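Visitor: I'd like to walk through this one with you, question by question. Can you put it up on the screen?

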Amino acid sequence: MPQFKSLLKGLIFPEGPRWHDCKLWFSDMHAHKVRTVDLDGHAEDIAEVAAWPSGLGWLPDGRLLIVSMTDRKLLRLENGQLKTHADLSRLASFHCNDMVVDGRGRAYVGNFGYDLLSEAPKKPAELVLVNPDGSARVVADGLDFPNGTVVTADGKTLIVGESMGHRLTAFEIADDGALTNRRVFAELGEGVPDGIALDAENAVWVASPLNKELVRVKEGGAVTDQIKCESMPIACALGGPSRKTLLVLFADSIHPEECRATKSARIDTMDVKVPGVGWP
């Protein structure tokens, strides 16, 4: 049985984990904060985002990009101030969500597609590409709630979890950032993928909150690891000095009011054998 170690408790709803500069960066979404924590458990507040922070990434010059969910913007942290990097309100169908930023500073931003928390009818959503200069365009549509996203180490493939499609979907990345040759990377059965992490064997760790499990799956759908959890794993990242530490973000609810009332969300860690690669 895998052994989780507690790293940080008392959170509201952690999302968007990224290992960077010897720390885990994450959005405590319903606390409206972007935070960091190191492997000794020392936490720090980085920025406050009123419209719910989510996906995180970095431009090549080190400036932090933050998805601002409910106003559908991509923000840039510059000299301690948040600035609008791109306004996606005309491109994204609903609240923006997770994001991956590749080695060239190109951000791929997903969105809900519909009002999930109000149980509105399901609608397809898009992936929006934001270039380093802030210009943006839709590069994939018809996705069933695009969520956690990774880019392979060679920068040529993007893999996204379609939460309501119960699958991981892969695209080839063209030189101009366009996404082509869409294919199913893995069907997940009843799994509802949220945050994901890629390792050096081209396998993907998938946080599946609604059925409270973590799975490691290879292209084609073969599951190598399946871990049942007491709480909902919302997202995961591979970090640490050799990227062999799986950092898992847990919550007990997806509803903001319940999350704020309990403050029971947390981050745990687990050692794995295969290191993380690519972006994030």
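Guide: Sure, and one term before we start: a residue is called buried when its relative accessible area is under 20%. Keep in mind that this is a predicted model.

Visitor: Okay, is Cys 259 buried or exposed?
Guide: The cut-off for buried is under 20% relative accessible area. Cys 259 has a relative accessible area of 3%, so Cys 259 is buried.

Visitor: How many disulfides does the structure hold?
Guide: A disulfide is a covalent bond between the sulfur atoms of two cysteines. To count here, the two sulfur atoms have to be within 2.5 Å. The number in this structure is 0.

Visitor: Which cysteine has the sulfur nearest to that of Cys 259, then?
Guide: Cys 259 is in no disulfide. The nearest cysteine sulfur is 17 Å away, and it belongs to Cys 229.

Visitor: And what is the relative accessible area of Cys 96?
Guide: Cys 96 also falls under the 20% cut-off, so Cys 96 counts as buried. Its relative accessible area is 1%.

Visitor: Zooming out, what radius of gyration does the protein have?
Guide: The protein has 280 residues, and a compact globule with that many would come out near 19 Å. The C-alpha atoms fill a box of roughly 45 × 40 × 40 Å along the principal axes. The protein's own radius of gyration agrees with the globule value, at 17 Å.

Visitor: How many strands are there in the protein?
Guide: On the helix side, the count is 1. For strands, the count is 24.

Visitor: What percentage of the contacts with a separation of 6 or more comes from residues 24 or more positions apart?
Guide: For context, buried residues make up 57% of the 280 residues. As for those contacts, the share from residues 24 or more positions apart is 45%.

Visitor: Let's pick a strand residue. Which residue has its C-alpha atom 5.3 Å from that of Leu 77?
Guide: Leu 77 sits in strand E8, residues 73-78, and at 17% relative accessibility Leu 77 is buried. Beyond four places in sequence, Leu 77 touches residues including Ile 46, Arg 63 and Leu 82. The C-alpha partner you're after is 13 residues away along the chain, and it is Leu 64.

Visitor: Which strand is the place of Thr 269?
Guide: Thr 269 is buried, with 10% relative accessible area. Setting aside neighbours within four places in sequence, Thr 269 contacts Gln 3, Phe 4, Lys 5 and Leu 7, along with Thr 245, Leu 246 and Leu 247. Thr 269 itself lies in residues 265-271, which is strand E24.

Visitor: Now the empty space. How much of it lies in the largest cavity?
Guide: Rolling a probe the size of a water molecule over the atoms shows where empty space is left. With a threshold of 30 Å³ or more, the structure holds 1 cavity. Its volume is about 90 Å³.

Visitor: Which strands each supply at least two residues of that cavity's lining?
Guide: Of the 14 lining residues, the closest to the centre are Ala 197, Ala 237, Leu 238, Arg 243 and Pro 280. By type, the lining divides into 12 nonpolar, no polar and 2 charged. The strands are E2 (14-20), E18 (196-198) and E22 (232-239).

Visitor: Last one: how many nonpolar residues are in the lining of the largest pocket?
Guide: The largest pocket holds about 320 Å³ of space. It has 21 lining residues, and Leu 116, Phe 145, Asn 147, Asp 194 and Ile 254 are the closest to its centre. The lining includes 4 polar and 2 charged residues, and the nonpolar count is 15.

Technical notes
Residues are numbered from 1 along each chain as its sequence is written. This is a predicted model: local features need pLDDT of at least 70, side-chain atom pairs count only at pLDDT 80 or more; totals for chains, interfaces and linings use all residues. Side-chain values use heavy atoms; hydrogens and water are left out. Buried means under 20% relative accessible area, exposed over 50%, partly exposed in between (1.4 Å probe, protein chains only). On a 1 Å grid over the protein atoms alone, a cavity is a set of points where a 1.4 Å probe fits but cannot get out, and a pocket is an open set with protein on both sides within 12 Å along at least five of seven lines; lining residues have an atom within 4 Å of a point. Grid points are joined across faces, edges and corners, and a volume is the space filled by probe spheres set on the points. Helices (H or I, at least four residues) and strands (E, at least two) are DSSP runs, numbered from the N terminus. Ala, Val, Leu, Ile, Met, Phe, Trp, Tyr, Cys and Pro count as nonpolar, Asp, Glu, Lys and Arg as charged, and the others, Gly among them, as polar. The radius of gyration is taken over C-alpha atoms; the globule rule is 2.2 Å times the number of residues to the power 0.38. Contact means heavy atoms within 4.5 Å.
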